Amino acid sequence: MQLWIPFAASAGTLLAIASFVGADWDAPPVESIQIGYRGTGMYLEKDIEKEEALRAANQVPEAPWEADPEGDRAGEIYENVQVLGDLSDDQFNQFMAAITEWISPEEGCEYCHNAENFASDEVYTKVVSRRMIQMNQAINVEWGDHVGDVGVTCYTCHRGQHIPVNYWYDDQEPKPASAMSRHGGVGQFVGNTSMPQNALMDYLLEDKSIRVHSLTALPDPDNPNPAGTKETESTWAFMMHMSEGLGVNCVTCHNTRAFNDWDQSPPQRVTAWHGINMTRALNVDYMVGLTPVFPENRLGPEGDVFKIGCSTCHNGVQKPLYGVSMLQDYVDSLDKQGPTDVPDFSTYVPGETQVLGAEAPANSSALPLRTTVADAAK
Ligand code: HEC
Ligand code: HEC
Ligand code: HEC
Ligand code: HEC
């Protein structure tokens, strides 16, 4: 018998078994798009079947109606409008209708309101929402370097759900070591790799250096590279989070012949750099501060708030919602910045009403609401 036949037969059998037991290989058709100069190997591979599912999941919902910007201001009409006071009544109601569709289409207004008293802040989701409105305004006004004119709305992250599908938290649960990796298990926050699950803590909460590249071909004793294998692994884990979150390959942001060199990198890398800084700022300035407001089931196992990553907005596509902007219908609510004061959430008591930038009065638990923004300003 020819010697190669048993080898070919066993290789074939192994391949067949592997595909049946669910080795997670992508079946064709795969689309290959050249995104760099010829010869640089910069190709983006896209699974066409997955692309169809992504397109269906990333349709932009229409605004409930076109709002009339004229008329009395919401701040004058209502009792406890602290951020959106400059909207007209029609704009305000349009916005309330929109966020209901974006956050709680099943429960409706009552997911955030006591239907007997809309001015009351006793439902925690309303308190969170007010801070989310401030965060959303800051993204669109302060982070144009990343979100451009496309911007974001609550829908970019929430997609009709109470909390976004993609978030991350401090995960200290010990994972059993596996034959394949020292870290064990699958790190869902790091692109489903077996790399350090908590890498995002270093870059999207703290400001640890991402750069690990040596700048000389051989070790330079006068100028040693301070980054070792551990740091490199963390950077890699983070890069996997970014790639998976955007549904792209490394070459979308790098020419892989020199990962460090900005001059050889596609422009997307600069946008991504701003994205890293923005995401960290959102977590530090907005999410972490909200921790005392969330009930336990909305916190991670270590008691920290769920945090924002690239995938929270991107949801597997290179530009969230394929770069279609929803902002034109919500210019006055989400593309302008209202008051930026924050109440002291550390003294938050569920069911009580707090006023931005002012100390809560001693009787603030008494409902219906006695303290209005107008009173607080006096
Ligand atoms: C996802 C949370 C959320 C949902 C759902 C929601 N609201 Fe609101 N609502 C808020 C927040 C936050 C404020 C305060 C805004 C501010 O301070 O600028 C508010 C304020 C109001 C006020 C002003 C009350 C006052 O006197 O101060 C009214 C009226 C209102 N909402 C109506 C509605 C209606 C009607 C619906 C359903 C169609 C609705 N809201 C759904 C979060 C929500
Ligand atoms: C950049 C992403 C992002 C945007 C934009 C965003 N959110 Fe959120 N939101 C989150 C994350 C992440 C959480 C989950 C935090 C947790 O549970 O610890 C959350 C939680 C909430 C909750 C709490 C829900 C619950 O059941 O506990 C409400 C309400 C909410 N957001 C309202 C809004 C509103 C209203 C807007 C738009 C003005 C908005 N969000 C915009 C990321 C976002
Ligand atoms: C969405 C864009 C993007 C993708 C995709 C991406 N990177 Fe990066 N990468 C960056 C940015 C931005 C930096 C620089 C961060 C900084 O210096 O603050 C960086 C830095 C790096 C560095 C450190 C460079 C240095 O100066 O030491 C390495 C190594 C790296 N990336 C590898 C990868 C690998 C491997 C992949 C694919 C798994 C990948 N990257 C995917 C944007 C990206
Ligand atoms: C708050 C939502 C949000 C978060 C969080 C976010 N992005 Fe983005 N990103 C956007 C929007 C919106 C755009 C589209 C901007 C445009 O088209 O001008 C975008 C565009 C980009 C682009 C440019 C794509 C292209 O082809 O031009 C890159 C690269 C990118 N984001 C990377 C990242 C990375 C990496 C992270 C995490 C570190 C991140 N983003 C986190 C909202 C977000």
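**Entry 1: getting my bearings**
I began with the vocabulary: a helix here is a DSSP run of H or I with at least four residues, a strand is a run of E with at least two, and both are numbered from the N terminus. I also noted that this model is predicted. Then I looked up the overall make-up of the protein chain, which has 13 helices and two strands. Of its 378 residues, 25% count as buried. I looked at contacts between residues at least 6 apart in sequence, and 59% of them join residues at least 24 apart.

**Entry 2: the two strands**
Is β1 buried or in the open? I checked its five residues, 30-34, and the number buried is zero, so β1 lies largely in the open. Its partner is β2 (residues 43-47); the two run antiparallel and are joined by five bridges. To see the pairing for myself, I found Val30 and saw that it stands opposite Asp47 in β2.

**Entry 3: ligand 4**
I moved on to ligand 4, which has 24 residues around it. The nearest are Gly148, Ala272, Gly275, Cys310 and Cys313. Helices α6 (144-147), α9 (229-246), α10 (268-287) and α11 (310-314) each give two or more residues to this shell. Which helix gives the largest share? That is α10, with six residues. Sorting the shell by class, I noted twelve nonpolar, eleven polar and one charged residues. Domain 2 (74-161 + 334-377) and domain 3 (166-215 + 224-314) both contribute residues to the shell, so ligand 4 lies between them.

**Entry 4: a look along α9**
Since α9 turned up in the shell of ligand 4, I followed this helix from end to end. It has 18 residues and reaches 26 Å from its first C-alpha to its last, close to the 26 Å expected at 1.5 Å a residue. Its buried residues include Ser234, Phe238, Met242 and Leu246. I reminded myself that an α-helix has 3.6 residues a turn, so residues three or four places apart point the same way. What do the buried residues of α9 pack against? I found α8 (199-204), α10 and α11 there. Just after α9 comes Gly247, with a positive phi of about 65°.

**Entry 5: ligand 2**
Around ligand 2 I found 25 residues, and Met132, Cys154, Cys157, His162 and Phe306 come nearest. Helices α4 (89-103), α5 (124-142), α7 and α11 each supply at least two residues of this shell. The largest share, six residues, comes from α5. By class, this shell has 17 nonpolar, seven polar and one charged residues. Domain 2 and domain 3 each give at least three residues to the shell around ligand 2.

**Entry 6: two unusual backbone angles**
Last, I looked for odd phi angles, remembering that most residues other than glycine have a negative phi. Arg159 is not a glycine, yet it has a positive phi of about 55°. I located Arg159 in the loop between α7 (154-158) and α8. Leu321 is not a glycine either, and its phi is positive at about 50°. Leu321 sits in the loop between α11 and α12 (331-334).

Which of these is buried and which partly exposed? The cut-off for buried is 20 or more other C-beta atoms within 10 Å. Leu321 has 22 such neighbours, so it counts as buried. Arg159 has 17 other C-beta atoms within 10 Å, so it is partly exposed.

Key
Residues are numbered from 1 along each chain as its sequence is written. Chains are lettered from A and ligands numbered from 1 in the order in which they are written. This is a predicted model: local features need pLDDT of at least 70, side-chain atom pairs count only at pLDDT 80 or more; totals for chains, interfaces and linings use all residues. A residue is near a molecule or strand if its C-beta atom, placed from the backbone, lies within 6 Å of it. Ala, Val, Leu, Ile, Met, Phe, Trp, Tyr, Cys and Pro count as nonpolar, Asp, Glu, Lys and Arg as charged, and the others, Gly among them, as polar. Domain bounds come from an automatic or database domain assignment. The expected span of a helix is 1.5 Å times one less than its number of residues. A residue is buried if 20 or more other C-beta atoms lie within 10 Å of its own, exposed if 12 or fewer, and partly exposed in between; C-beta atoms are placed from the backbone. Two residues are in contact if their C-beta atoms, placed from the backbone, lie within 7 Å. Two strands pair if DSSP finds at least two bridges between them.
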